[in-house]
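This report describes the interface between two chains, the makeup of one chain, and a single helix. The structure is shown first.

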Amino acid sequence: MLSNQIKNQHLMWRAGFGPAADQLDQLKNTTPNQLYQALQKESGKKPAYMDVADNYLKGLYMGAEEIGRQGKKKELDAEERKMIRNKQRDGIKNLNLLWLSQMVESKAQLREKMAFFWHGHFASRNINIFFQQQLLDIIRVNALGSFKDLLHDVSKSAAILNFLNASQNKKDHPNENFAREVMELFTMGRGNYTETDIKEAARAFTGWSANIKGEFIFRRFQHDDGAKTVLGNTGKFEGEDILNLLLEEKQTAIFITQKIYKFFVNETIDKQKVEWLANRFYKNDYHIEKLMDDIFTADWFYDEKNIGMKIKSPIELLAGMQRMLPMKLDNEESLLLMQRILGQLLFYPPNVAGWPGGKTWIDSSSLMMRMRIPQLINDNDELNVRPKIDDDQMGGRTDDEDMTANVDKKKRGYGKVGKPINADVNWEVYTKNFESVPRENLLAALQSHLLQVKANYKGDIIKNSADNSGRENFIKSATIQIMSTPEYQLC
Amino acid sequence: MVIKRREFLQVGSLATASFMVPKFLKAFEGKALVPPGNKVVVILQLSGGNDGLNTVIPVRNDIYYKARPRLGILRDKALSITDEAGLHPALTSFREAFDDGSLGILNNVGYPNPDRSHFRSMDIWHTASQSNDYWNTGWLGRYLDAQCNGCDKPTQALEIDDVLSLALKGENVKGLALKDPQRLYGTSNEKFFREISKQHTASREEQPVDYLYKTMSETLSSADYIFKQSRLHPTTGEYPKTDLGNSLKTISSLVYSEINTKVYYVSLGSFDTHINQGQQQERLFKEMNDAVGAFVKDLKKNNRFNDVLLFTFSEFGRRVSQNASNGTDHGTANNMFFLSGGLKQKGILNNMPDLADLDEGDLKYKIDFKNVYSTVLKNWLGADDQKILGKKYDKLNFV
């Protein structure tokens with residue numbers, strides 16, 4: 001029989017970013033059902049718009065219309081363009097850190113986790129901070145609502161339209177990129193439609209575009225208003241009609257449910273369970289929260305074979321660590337650097353298919369890095385590991401202060417290599433959970449909160465390498481050691 | 001072959017140490033020593049999209065000079081190699097290699113439906129997928145999968161870097177990234193990790209936790225192996241004190257040690273020259289030229305140049321016309337260098353780019369890079385290219 005504690009921690013890891021230091025007590029004294037209801041309640045409110053954009057940029061982009069009206073469209077010189085690019089990049093960094101801090105601190109864990117899933121599902125890269133903010137807002141607002149609304153809103157967002165070359169999709173020169181990805185990645189999945197379906201759907205999406213302010217624009221004169229045949233249906237379809245046709249296909253419910261199951265339950269799909277979930281998801285009109293209810297209130301979700309079976313993604317690892325050990329980082333950029341080194345930088349998915357997850361997170365270097373992080377944080381060490389160049393972030397220039405890609409590699413890129421992490425861990429919140437635990441049971445108690453799988457190593461290894469000079473020191477050092485094991489990579 | 005006593009002891013002690021790693025690991029046996037003639041490939045990635053037209057310059061082409069009034073490299077500045085082509089002035093070592101028959105230049109390499117975003121195009125080069133496919137494994141990773149089925153030795157492909165590229169990630173086996181053998185050895189030699197790693201005795205590796213332990217213990221034993229090999233025959237060659245110089249020095253020492261590594265991977269960048277291209281490309285080329293020059297010299301001195309093939313690639317070339325900031329924007333097809341004492345075909349291997357026949361200002365590709373991969377895999381590494389690339393590609397003749 002698994003304890004409520006382990007089940008609740010399972011729920012916190014999957015429906016959120018892991019248990020928090022100040023809730024460990026609650027996790028022992030509540031049932032998973034009660035905990036889930038509390039999570040739901042906390043996630044009920046509409047989230048606030050995250051706005052980090054620089055005032056200068058706001059003036060420039062949002063005021064674009066006024067400038068146009070005055071008839072003197074401002075010509076920007078090279079210096080200004082460079083400054084704008086830097087401000088855009090800084091904006092995306094700040095948005096990254098702000099959202100990551102929400103994942104750590106927000107009570108709306110379920111909503112943020114769901115949004116994190118959609119962030120990988122509707123993957124896009126854009127250097128425009130406003131487009132990024134808008135898309136993030138769409139997925140956070142609709143994270144638990146209707147997948148129908150979510151799909152429509154995302155498909156009309158500037159970030160996605162821009163990323164998938166929608167503006168190049170014109171009546172006379174259709175560009176199929178957008179139509180292809182909508183079918184392959186957003187709705188039905190590969191192998192459930194033909195190339196002709198894509199071509200015809202692309203015609204329906206002609207004229208879809210967005211302006212510089214991020215508003216959806218329908219360019220009537222570039223739209224092909226003839227009849228199209230998509231998935232066996234013929235009509236003078238518009239883009240919205242195609243999305244609705246795709247939603248009518250049950251395959252869309254199956255595809256989304258499979259992906260959600262893999263992300264929230266287990267990388268290995270249980271066909272029967274997915275079928276049952278997908279049927280209900282379809283019948284419930286694509287209501288996301290109801291699907292999540294079906295998952296998180298099912299007995300099988302708490303089966304041993306689903307617990308501790310997932311390799312934490314880098315974001316889950318970093319957020320989870322901070323939830324368990326509340327900390328203040330002087331050098332917040334080190335969080336960006338760690339994201340890059342571990343292979344998951346928010347807002348920079350590897351491609352339009354998002355992060356593949358699972359075993360792909362782990363190779364020799366990333367695993368060793370993961371296991372060194374707790375120590376680095378504890379000792380306030382330097383992160384002397386250098387991430388790869390990403391020209392989509394840095395544009396190859398060498399003259400900006402934090403992307404001197406070639407001249408001074410120490411300063412290259414996102415987050416500064418060679419700067420101490422400077423974390424100030426608030427140990428008290430954490431250690432007080434263990435006040436009443438007898439010394440001989442301490443290790444077991446720590447492990448029970450930190451690990452979701454049975455430890456393979458012998459406890460002596462932790463005991464021998466921990467600081468035994470006192471209770472507090474033991475708790476701290478043993479915690480750091482436990483977090484440096486392969487087992488801690490799992491949730 | 002004659003095994004030196006020191007090497008024999010090395011292999012012996014590693015075999016003993018292997019009893020301490022988990023059961024499912026077939027640790028290093030005598031196989032670790034590879035016979036001379038062992039072919040090795042070194043891949044030099046020019047990150048950011050190197051401008052191929054200013055690398056191999058079409059010195060007789062008026063269209064080139066018209067499209068690049070300020071960026072074009074004049075004929076008398078370029079290092080002349082043929083009547084119609086010259087190399088970038090910084091590439092003196094490459095010209096020497098051209099002269100002694102150890103340089104091959106392949107023009108117009110690319111792929112259908114080119115993508116102009118860095119990460120996507122690099123993805124395509126790393127995975128060797130078609131441009132509308134998204135694969136999660138790299139071509140060298142799949143080489144490891146095919147080559148290393150059950151052998152659990154990620155040392156067959158090494159990347160000299162802190163982070164492992166997608167190119168070296170297979171489904172079951174992944175290459176290993178290291179900046180320098182000593183540092184890797186140091187990190188992985190922490191007592192805590194050693195002890196933890198010894199603890200796991202899973203007989204199956206179906207559970208994620210087994211996979212983690214397996215990766216960990218492979219890393220630790222590889223770190224030992226690489227470090228020890230790197231000290232067997234450290235090169236005495238002089239290398240420039242640059243990143244690339246250090247990396248190639250590490251590689252040559254490993255090549256001489258007869259480690260079982262077949263593939264080395266190293267990157268240089270950023271070649272994303274939207275602004276003031278001249279300076280940036282020249283600086284990077286100087287680093288490349290000096291390091292590669294030292295590497296070639298070193299390999300020749302040690303009689304290994306015939307067994308080593310170094311090739312360069314970039315995720316894309318750049319537009320034919322320069323932009324308004326004395327730079328160039330993202331383009332499509334590009335050239336590749338092949339350097340080896342063992343080339344079957346040398347010099348300029350195919351036609352120079354046709355600047356009169358462009359696709360909206362960009363070069364049209366004539367050779368798919370996957371043909372290059374399949375040639376290297378089959379003809380140089382003796383691997384099953386079709387299985388690795390998922391499709392049959394015609395071979396080229398340079399090796």
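Of the 399 residues in chain B, 56% are buried (20 or more other C-beta atoms, placed from the backbone, within 10 Å of the residue's own). This is a predicted model, in which local features need pLDDT of at least 70, side-chain atom pairs count only at pLDDT 80 or more, and totals for chains, interfaces and linings use all residues. Residues are numbered from 1 along each chain as its sequence is written, while chains are lettered from A and ligands numbered from 1 in the order in which they are written.

Chain B contains twelve helices and twelve strands (DSSP runs, numbered from the N terminus: H or I of at least four residues, and E of at least two, respectively). Among contacts in chain B with a separation of 6 or more (C-beta atoms, placed from the backbone, within 7 Å), 71% join residues 24 or more positions apart.

The contact between the chains draws 46 residues from chain A and 46 residues from chain B. On the side of chain A that touches chain B, three elements give two or more residues, as tabulated.

| Element of chain A | Residues |
|---|---|
| helix H19 | 364–379 |
| helix H20 | 391–394 |
| helix H23 | 459–465 |

H19(A) gives the most to this side, with five residues.

Helix H24 of chain A (residues 471–483) has 13 residues. Among its buried residues are A:Phe474, A:Ile475 and A:Met483. The buried residues of H24(A) pack against several helices, including H19 of chain A and helix H7 (191–199) of chain B.

Terms used
Contact = placed C-beta atoms within 7 Å. Buried ≥ 20, exposed ≤ 12 C-beta atoms within 10 Å, placed from the backbone. Expected span 1.5 Å × (residues − 1).
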